[in-house]
Amino acid sequence: MRRRVLTLPLVPEAVRQARQDTAASLAEYGIGPADSAFAGSVLLVVSELVTNALRHAADRSPTADVVIAVGAGQLVIGVADQDPRLPDLSPHAVGEGLRTVRELTASYGGALSVETAVHGCGKVVLARFALPGDTTCR
């Protein structure tokens, strides 16, 4: 398992920084070319999740952790903040951003979920992707 955590202040520049760090991580982990459809989907998911943290959690969470983890044929993107309010991920309740994230993860054999933070203060929104060409997770 390879894992990288980037802690960002929840300010508008966080979206750009998260995309740059994720792109660098994908290249470091040897996951597709930067201009591939998969990389583009992952970067859009990172943008949407960090934007949601910025919009909905910045008043309760000065920072967010962006986690990029690769292992067992999966890529997992997590965005954690200190806001304990969990988004409603039911199909009728999600906004356009989370709907896009759900569709992108599903198109790569993955899923979108949310969990209460381990330490009990906050949450982490997780976007899981099966790595293209990897048959261990399908």
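**Close-up views of salt bridges and one loop residue**

**View 1. Glu 28 is partly exposed, with a relative accessible area of 42%, in a model that is predicted.** Its partner in this view, Arg 4, is also partly exposed, and the relative accessible area computed for Arg 4 is 23%. Both residues count as partly exposed because this class covers the values between 20% and 50%. Glu 28 and Arg 4 form a salt bridge, in which the closest N and O atoms are 2.4 Å apart. This pair links distant parts of the chain, since Glu 28 belongs to helix H1 (residues 13–28) and Arg 4 to strand E1 (residues 2–9), with their positions 24 residues apart in the numbering.

**View 2. Asp 59 and Arg 85 meet through their side chains in a salt bridge, with an N to O distance of 3.8 Å.** Here, too, distant parts of the chain are linked, for the two residues are 26 residues apart: Asp 59 sits in the loop between helix H2 (37–57) and strand E2 (63–71), while Arg 85 sits in the loop between strand E3 (74–81) and helix H3 (96–107). The distance of 3.8 Å still qualifies because the cut-off for a salt bridge is within 4 Å. Asp 59 is exposed, with a relative accessible area of 64%, whereas Arg 85 is partly exposed at 39%.

**View 3. A salt bridge joins the side chains of Arg 99 and Glu 96, at 2.5 Å from N to O.** Both residues lie in helix H3, where they are three residues apart, which is about one turn of the helix. Arg 99 counts as partly exposed, at 27% relative accessibility, while Glu 96 counts as exposed, at 57%.

**View 4. Arg 2, Arg 4, Asp 21 and Glu 28 are joined into one network by salt bridges that share partners.** The pair of Glu 28 and Arg 4 from the opening view, with its closest N and O atoms 2.4 Å apart, is a salt bridge between two of these residues. In the whole structure, the search finds eight salt bridges.

**View 5. Ala 72 has a positive phi, near 50 degrees, although the residue is not a glycine.** This value is worth a careful look because most residues other than glycine have a negative phi. Ala 72 is placed in the loop between E2 and E3, and with a relative accessibility of 66% this alanine counts as exposed, because the exposed class begins over 50%.

Note on methods
Residues numbered from 1 in each chain as written. Predicted model: local features only at pLDDT ≥ 70, side-chain atom pairs only at ≥ 80, totals over all residues. Heavy atoms only, no water. Helix = DSSP H or I, 4+ residues; strand = E, 2+ residues; numbered from the N terminus. Buried < 20%, exposed > 50% of the residue type's maximum accessible area, 1.4 Å probe, protein only.
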